[in-house]
Amino acid sequence: MQNGNQTSLRECRFLSLGHFASLYETFTAAFSDYVVPFALTEAQLRNHIILTAVDLDRTVGCFDGERLIGFSMNGFGTWQGRQTVYDACTGVLPEFRRQGVSKAMFEFMLPDLKKRGVQRFVLEVITTNHGAIRLYEGLGFKAVRKLVLLQRDPAVDESKRSIIEIDIRLIDQPDWELFEQFWDGYPSWQNSAEAVKRSRKMKKILGAFHQGTCIGYIVFSSRFGRISQLAVSKEYRLRGVGSTLVRAMHSLLEEGFSSQVVNADVSIDGVTDFFGKLGYYQRLCQHEMVLHL
C-alpha cells in the first residue's frame, strides 16, 4: 500500500499495550475535526477501552513508516449469543483520509477474525457520515437499527411525579434476569449487561421499588450521568416510575454536566417521546451495522 508519490511503505499490523501513547496521539488528531466535538483524556480513553472490551493486541494500526496514521480498536465478546467483534473506534489522520487507509485495515483484519471463530462484526456510524457508510456497505455491512444520542441541558424536568409509592434505592448486586424482563429491545454493545459489569466501578444502578419489589431501574455513569439502561416493568409504565428514576439520578450528579442517553434505540415505542418530555434533545443519530463473517 503506497502513499501516493511518497516512498515510505504503509503497513497494517496489530498493535499492543506498548502502542497506547501513539494510539492516543493519533486518536486525538483523528477526531480533532469530527462532525461533533469529540475529545477524551488518556484516562477516558482507557475507560472506553475497558467499557468496550477492546483488546489492543487485536486492534489494527496502519503505519506510514513508523508513524501510526490510522487505527481500528476492536472489542471482543459474546453479544446476542454469538461471538462478536465490536468496532470501538476507527480513525485516520486528516491528511491521510480518502487514501484507502480504513479499507486496508478492515481487509487486513477480517480474515484473521474469521480464523478466530468470530461470527459477526458490529459497529456504529453517524448517519451523516456518508463516506464511512459507503465504505462499510462495500465491505458487506448492513444497517440493522438506528441509535440516537440524547442530551438534556442543564437539568431534568422536576415537575412529573410518580402516581404510586416508590422507594428509590442504590443497587449493588443487580438481578440481570429480572432486569431483562423489563426490556422491549436489547442494549447496544457499550450498554450491554456485560459492558456494565466491565465498567462497574464507573457506574451506579438505582432501582425503583414498590411494596418491596423492584419495578424499574436505571444504569448511569456515576459522575457525568450518561444513561446506559433505563427500563420499567410493563405493569407499572405510564405511572411516573421512569421519570422518578431519571430525577433521582440527576440529584446524584456533579453540577455543570449535561445528562445524556447513549445509543437509545428509536424503534422501541415511546423512548424518544419519554425523554423528549423530560427536555432531552437529539445530538446525533447512528446506524448500527452488522457484518456476518
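This passage walks through the overall build of the chain, its salt bridges, its cysteines, one of its pockets and a few single residues.

The model is a predicted one, so it pays to begin with the broad picture. The chain is built from eight helices and 12 strands. Its C-alpha atoms fit in a box of roughly 70 × 40 × 35 Å when the box is laid along the principal axes. How does the radius of gyration compare with that of a compact globule? For 293 residues, a compact globule would come out near 19 Å, and the chain has 20 Å, so the two agree. As for what is tucked away, 52% of the 293 residues count as buried.

Next come the charged side chains. The structure holds 13 salt bridges, and a handful of them can be looked at one by one. Arg116 pairs with Asp112, with N and O 2.7 Å apart. The two partners don't sit in equal surroundings: Arg116 is partly exposed, at 48% relative accessible area, whereas Asp112 counts as buried because its relative accessibility is 17%, with the line for buried drawn at under 20%. Another of the bridges links Arg169 to Asp167, and here the closest N and O atoms are 2.8 Å apart. In this pair Arg169 has 34% relative accessibility and is partly exposed, and Asp167, at 37%, is partly exposed as well. Sharing of partners turns up too: Glu11, Arg13 and Glu66 are joined into one network by salt bridges. Inside that network, Arg13 and Glu11 form a salt bridge whose closest N and O atoms lie 2.9 Å apart. Arg13 is partly exposed at 22%, and Glu11 is partly exposed at 41%.

Then there are the cysteines. A disulfide is a covalent bond between the sulfur atoms of two cysteines. How many disulfides does the model have? The count comes to zero. Cys12 and Cys62 make a handy pair for seeing how that works. Cys12 is in no disulfide, and its nearest cysteine sulfur, the one on Cys62, is 4.0 Å away. Seen from the other side, Cys62 is in no disulfide either, with the sulfur of Cys12 as its nearest cysteine sulfur, 4.0 Å off. The cut-off explains the result: a disulfide needs sulfur atoms within 2.5 Å, so a pair 4.0 Å apart doesn't qualify. Both residues are tucked in, with Cys12 buried at 14% relative accessibility and Cys62 buried at 0%.

The second largest pocket deserves a paragraph of its own. Its volume is about 1,000 Å³. Its lining is made up of 42 residues, and the ones nearest the centre are Leu230, Gly270, Val271, Phe274 and Phe275. Strands and helices both help build the wall: S6 (142–152), S10 (226–232), H7 (241–251), S11 (259–265) and H8 (271–277) are the elements that give two or more residues each. Which element supplies the largest share of this lining? That would be S10, which gives six residues. Sorted by chemical character, the lining of the second largest pocket has 21 nonpolar, 11 polar and 10 charged residues.

A few single residues round things off. Arg98 has a positive phi, near 60 degrees, even though Arg98 isn't a glycine. Arg98 is found in the loop between strand S4 (82–92) and helix H3 (101–115), and with a relative accessible area of 82% this residue is exposed. Leu238 is another residue with a positive phi, about 65 degrees, without being a glycine. Its place is the loop between S10 and H7. Is Leu238 buried or exposed? At 84% relative accessibility, Leu238 counts as exposed.

Asn263 brings the passage back to a strand. This residue lies in S11, and at 8% relative accessibility Asn263 counts as buried. Along the chain, Asn263 and Thr127 are 136 residues apart, while in space their C-alpha atoms are separated by 13 Å.

Definitions and conventions
Residues numbered from 1 in each chain as written. Predicted model: local features only at pLDDT ≥ 70, side-chain atom pairs only at ≥ 80, totals over all residues. Heavy atoms only, no water. Salt bridge = Lys/Arg side-chain N within 4 Å of Asp/Glu carboxyl O. Buried < 20%, exposed > 50% of the residue type's maximum accessible area, 1.4 Å probe, protein only. 1 Å grid on protein atoms, 1.4 Å probe; cavity = no way out; pocket = protein on both sides within 12 Å on 5 of 7 lines; lining within 4 Å. Points joined across faces, edges and corners; volume = space filled by probe spheres on them. Helix = DSSP H or I, 4+ residues; strand = E, 2+ residues; numbered from the N terminus. Nonpolar A, V, L, I, M, F, W, Y, C, P; charged D, E, K, R; others polar. Rg over C-alpha atoms; globule rule 2.2 N^0.38 Å.
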